[in-house]
Amino acid sequence: MTLDEKLSFVSAQVDPKGLGEAGYIPGVPRLGIPELRLTDGPAGVRVNHHATALPAPVTLASTWDPRLARDYGQVIGRDGRALDQDVQLAPMTNIIRVPQGGRNFETFSEDPLVSSHMVANEITGIQSQGLIATVKHYAENNQEDDRMGVDVNVDAQTMHEIELPAFQAAVQAGVGALMCSYNSVNGKHGCGNDDLLNGILKTQWAFRGWVMSDWGATHATTDLVAGLDQDMFTAGLQPDPYFQGALKQAITDGSIPVAALDDAVARILGQMERFGLLDGAAEHRPARDPKGGAKVAQRVAESGAVLLKNAGGALPLTASDNRIAIIGPSAKTPKVGGGGSSSVTPDAATSPLDAITRRAGARASITYAAGGDTTGVALPLADSPLGSDGTLTLPAGAYKTARSTITVPATGDYIFTVNAPGSYGSVTVDGAKVADTAYGTVSASAHLTAGTHTIDLFATVLQGAPATLRFTWVTPDMVTAARNQAVAVAKKVRTPIVFAYDDLTEGTDRTGLSLPFSQDELISAVADANPNTIVVLNTGSSITMPWLSKVKAVLDTYYPGENGAEATARLLYGDVNPSGKLTQTFPTSASATPVAGDPKAYPGVDHQETYKEGIFVGYRWYDKTGTTPLFPFGYGLSYTSFAYGDLRVRASHGGLTVSFTLKNTGHRDGQEVAQVYVGAGPNVTEPQAVRKLAGYEKVFLHAGQTRTVSVRVDAQQLRYWDTRTGSWRMATGTRGVWVGGSSRDLPLHAATAVSAR
Ligand code: BGC
């Protein structure tokens, strides 16, 4: 290969076919090496074509069913191959550290064991179809605010015990590629971090695949030497890419050894060979299977939905719930997925309103009230570049900025919405960005005083086709009118069901944990008007629920994918029994979380952030500090009930086998996620969790059935990271073992001796 041919593998190019994927490498026709197309993202395949829009990865994790992660991966693998792609930019497996995190929906859990199982099985599924998976974003990309600038200061024990296990699990599952992160870790950029890339990943873990940068995360040509193999960015937008002319120069003048480039190219080609891409796999692609994909999407949504409250058996709905009000914008326009690079154009998506109406049958009377509005009307700018419907159309590759003013009629919260399919758009009010989105739709509110305000619009078309963006707003008067109408409707029915949602997206975190767009007020007002109110949440992460005591039931499906409506209807009517459990703690308020109250811990000060909670992430912090959460890690209700008994713990293969009986004590068949936690070792001086999840099993039981369940606790789950030696070490001595249905409901307890072997 010539130097130029080698260089063509390590830097993003523009796809001449413009299929809408995120990245493209041209290959070397002279040598019969094909092109390589790389596509987002975790919840399906994002190209200029519809695809199976799977539930958000956090919904997948909430199933606690690694087999479903395999099925989920297989759908992505087949879709990706069928849509002419070769590499999937997924899964994401950063730990949920910060409840505000803008990408919490795209990842799995606050717990490394759950994340490890999910990531490994999803990768196996994706790659079983011949699509190369990419685990991302290595490492410590645990927030979106200042994601490009923040330097995460994290101690070795915390990194090895909390963030890294799932990445190592991905490597052990044979992942072909890894994406390094925007943020820095302990003073070095994620993509120029010799310790993380050459040290831990390539040497300690013996990773054989290649490392690509997150889009625009390369900072120097020498990142190649630090272990980065491929510089990715939105081709065309980066004027002077690091791994093109500058790298050629550095190799020619000998300041970077050509061996480093050879290694990078060999890693990429090695995976292309492994996946048959050098033997014509690109020409033999499967057809899509949209029906099969939709089935998996629905199974995951049904199995991952978490029933958070069900007072007096309000759910499932029965024949006597025959006068129902369906309320909320997301009941009519289904909330399929989150925003940013993860957004997928679904093959089809029914609205919850239609799915429930169909399931309720002809005898039921269903009324709908929006209860709120996030689209509203075109931004009434003084000097507007927008059409009367708020639209703006731009050709491919173009961008536009426009400054104008807007007159705010009365002080209050105004909702700004940017709809930007295949493009990027933002609205800035008085110099502060209020809403921005790449590829999707986003709404965000701003508190504005009456009078004139400056508005800056920005729009650019990222992909190879013209795009129409839309800029709109909703005034407080419009919100109040919609709420009043919903209350009037709720008063006339037996059962109001309010659908509430949010719009999480990469690039920004939530500013708080409340529902946006006055939805807390909507739910409260409806519940005040009718005590039978049921809430369905299509939200991306934990939220606070000031109205919780007023409503009868809460079902959280996160972003449930293209068949979310069908799944929701079946769950509400008890055709399936809810069995999802939370993979993250829900706090009572934004001030009662592991990162609250200290900007140095989150979101960072002057781009410096210290993970001062150490290993006490998620439930580990709630347990250590005795803080009561709104809903604990591992929590989730069922329409039946379970009883645990007869705990036995025995040592086996360096780990433990934990057996117990589980009985379905209710009147319906159901599934329980039985969880095993282990306590600290008495001889360890490093910080340790009061209890950590060490194993689990999702068990199906017929009504009345009892089974003996055995959960394996691997030896690794009994180890801790010994900072002095920089290695894993068994935490020996007498250790507690707890078993139950959540991290805060552990009816079985025993003690067991753990020895060094
Ligand atoms: C995101 C990645 C994504 C990439 C390509 C970045 O902004 O952080 O997760 O894969 O864009 O779209």
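User: Counting Ala, Val, Leu, Ile, Met, Phe, Trp, Tyr, Cys and Pro as nonpolar, Asp, Glu, Lys and Arg as charged, and the others, Gly among them, as polar, how does the lining of the second largest pocket divide?
Analyst: Into 21 nonpolar, 23 polar and 6 charged residues. This is a predicted model, where local features need pLDDT of at least 70 and side-chain atom pairs pLDDT 80 or more, while totals for chains, interfaces and linings use all residues. Residues are numbered from 1 along each chain as its sequence is written, and side-chain values use heavy atoms, without hydrogens or water.

User: Which residues lie nearest the centre of that pocket?
Analyst: Thr 333, Pro 334, Lys 335, Asn 419 and Thr 441, out of 50 lining residues. A pocket here is an open set of points on a 1 Å grid over the protein atoms alone, where a 1.4 Å probe fits, with protein on both sides within 12 Å along at least five of seven lines; lining residues have an atom within 4 Å of a point.

User: On to the ligand. Which residues come nearest?
Analyst: Asp 40, Arg 103, His 137, Asp 214 and Glu 506, from 14 residues around the ligand (a heavy atom within 4 Å). By class, that shell has 5 nonpolar, 2 polar and 7 charged residues.

User: Where are polar side-chain atoms next to ligand oxygens?
Analyst: Lys 136 has one 2.8 Å from an oxygen of the ligand. For Arg 103, a side-chain N or O atom is 2.8 Å from a ligand oxygen, and for Tyr 182 the distance is 3.0 Å.

User: How many aromatic pairs are there?
Analyst: The structure holds 17, counting rings of Phe, Tyr and Trp (its six-membered ring) with centres within 6.5 Å; planes under 30 degrees apart are stacked, over 60 edge-to-face, the rest tilted. In one of them, the ring centres of Tyr 138 and Phe 167 are 5.3 Å apart and the planes stand at 65 degrees, so this pair is edge-to-face.

User: And the backbone: where are the cis peptide bonds?
Analyst: One runs from Asp 40 to Gly 41, with omega near -10 degrees. Asp 40 is also one of the residues that come nearest the ligand. Another cis bond joins Ala 90 and Pro 91, at an omega of about 5 degrees.

User: What about the phi of Asn 186?
Analyst: Near 50 degrees, which is positive in a residue other than glycine. Most residues other than glycine have a negative phi, and most peptide bonds are trans.

Key
Nonpolar A, V, L, I, M, F, W, Y, C, P; charged D, E, K, R; others polar. Polar contact = N/O pair within 3.5 Å; in protein donor to acceptor, adjacent residues only side chain to side chain.
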